[in-house]
Amino acid sequence: MNNSKFLKALSLQTNSIPPVWFMRQAGRYLPEYQEIRKNYSNFLDMCKQPKTCAELALQPIDRFDLDASILFSDILTIPDALNLGLAFHEGEGPRFSNPISSPQDIKKLIRFDVNAVDYVFKAVEETKKQLPKDLPLIGFCGSPWTLAAYAIEGGGSKDFRKTKKFMKEHPDELQEFLEILSNACYEYLRQQVLSGVNALQIFDSWADLLSDKDLEDFSLRYTRLLTNQLKADPVTSNIPIILFEKAPKKKITDLIFEDISCISLHWQEDIESIALNLKNKYALQGNLDPHVLLGPDETIWNETQKICTIMNEYPGFVFNLGHGITPDIKPEKVKVMIDAIRK
Ligand code: 1CP
């Protein structure tokens, strides 16, 4: 792994050409993904096939020669293992048949058993076997807060009203739940590391639902609990951790903490001013607005080069999108972005 530009960047080294990978790089915008996906009516069944996961993780690597691969799985495997009854039906997002609707539901939760998600660790092993030797694999989980939001809401949502109501009415029980999730995430990531991943990313995709103070009390506190455990454990202590906070109300520079190596910036963040503040302390990943990939090639080229120019001298820069790629983006547009980075 000594030759990995991605891992060099995470340890604050400069690369003459920045490494690139992007969130949701394996997925619905790729025709080769759709080809495999059509064999499964429930997306989760596909995630339970390690050989298929490896094949899907490799698709974007084969197509774009990216600098890092990400495990093919989902953040919702943990609430599924807690028996909340997850399914992804045709044309719909995730749905839980037994969501957390009351404090009693938290009291009677089963203990998280890492063996229940053994299929994820098998997927890590299989993917590592197939990846080129110097290509790092990123493992991941959702932040405890983001997982709790899905578990309480019972699926995706625009405004997460049930979750916000639960937070107001039962803050103490919610915090108990967040602690359970934080411990589950720790065991889950630890086992991913034992199975071969080289870096970890934590997705706080619903950070934007929280006010400045609530972000601290319901999200960051539990993500820190997780990263503290990872840093205290000799198995995981040397594995770099990337944190993605989606458009938080708090300033990025005010929410960072020690255990993190890299911050993945949402596209609404100003990478230039953040880079000035974090130079030589944290690696930065980001942050092209994925919508740019729906526009003309010239705009994609210019916007990509703009970020690369700003970050040219920054020790520890990883090019990425500012959130996941969407299914309506054409793979040819991604190629324009990658050529602009490597030019
Ligand atoms: O129908 C399909 O084909 C399923 C689409 C899909 C895919 C390809 C889902 C359902 N999940 C995934 C894979 C996935 N999810 C990966 C690995 C692939 C890769 O990145 O290359 C990863 C890292 C995730 C992480 C994930 N899942 C996040 C965090 C990232 C983010 O975008 O903020 C979140 C929020 C989820 C939940 C989820 N899973 C799937 C969907 C459609 C959603 C979003 C639901 C919603 O809130 O609307």
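The pockets and two helix packings of a predicted model are described below. Local features were accepted at pLDDT of at least 70 and side-chain atom pairs at pLDDT 80 or more, whereas totals for chains, interfaces and linings use all residues. Residues are numbered from 1 along each chain as its sequence is written, and side-chain values use heavy atoms, with hydrogens and water left out.

The largest pocket (an open set of points on a 1 Å grid over the protein atoms alone, where a 1.4 Å probe fits, with protein on both sides within 12 Å along at least five of seven lines) holds about 1,300 Å³ of space, the volume being that filled by probe spheres set on the points, which are joined across faces, edges and corners. Its lining (residues with an atom within 4 Å of a point) comprises 43 residues, and those closest to the centre are Arg-24, Arg-28, Asp-74, Phe-88 and Tyr-150. Two or more lining residues come from each of α2 (31–37) and β3 (94–96), elements being DSSP runs numbered from the N terminus (helices H or I, at least four residues; strands E, at least two). The greatest contribution, 3 residues, is that of α2. By class, the lining contains 20 nonpolar, 15 polar and 8 charged residues (nonpolar: Ala, Val, Leu, Ile, Met, Phe, Trp, Tyr, Cys and Pro; charged: Asp, Glu, Lys and Arg; polar: the others, Gly among them).

The second largest pocket encloses about 210 Å³. Of its 16 lining residues, Ser-16, Pro-18, Cys-308, Thr-309 and Asn-312 lie nearest the centre. Both α14 (297–310) and α15 (331–342) supply at least two residues, with the largest share, 3 residues, from α14. The lining divides into 9 nonpolar, 6 polar and 1 charged.

Helices α4 (residues 50–64) and α7 (residues 118–130) cross at roughly 50 degrees, their axes coming within 8 Å; axes are lines fitted to C-alpha atoms over the stretch in contact, and angles run from 0 to 180 degrees between N-to-C directions. The two helices are therefore oblique to each other (under 35 degrees is roughly parallel, over 145 roughly antiparallel, 65 to 115 roughly perpendicular and the rest oblique). In contact (heavy atoms within 4.5 Å) are residues including Ala-57 and Leu-58 of α4 and Tyr-119 and Ala-123 of α7. This contact has 7 nonpolar, 2 polar and 3 charged residues.

Helices α8 (residues 144–153) and α10 (residues 171–195) pack at about 120 degrees, with axes 9 Å apart, which makes α8 oblique to α10. Among the contacting residues are Trp-145 and Leu-147 of α8 and Phe-177 and Leu-181 of α10. The residues of this contact comprise 11 nonpolar, 1 polar and no charged.
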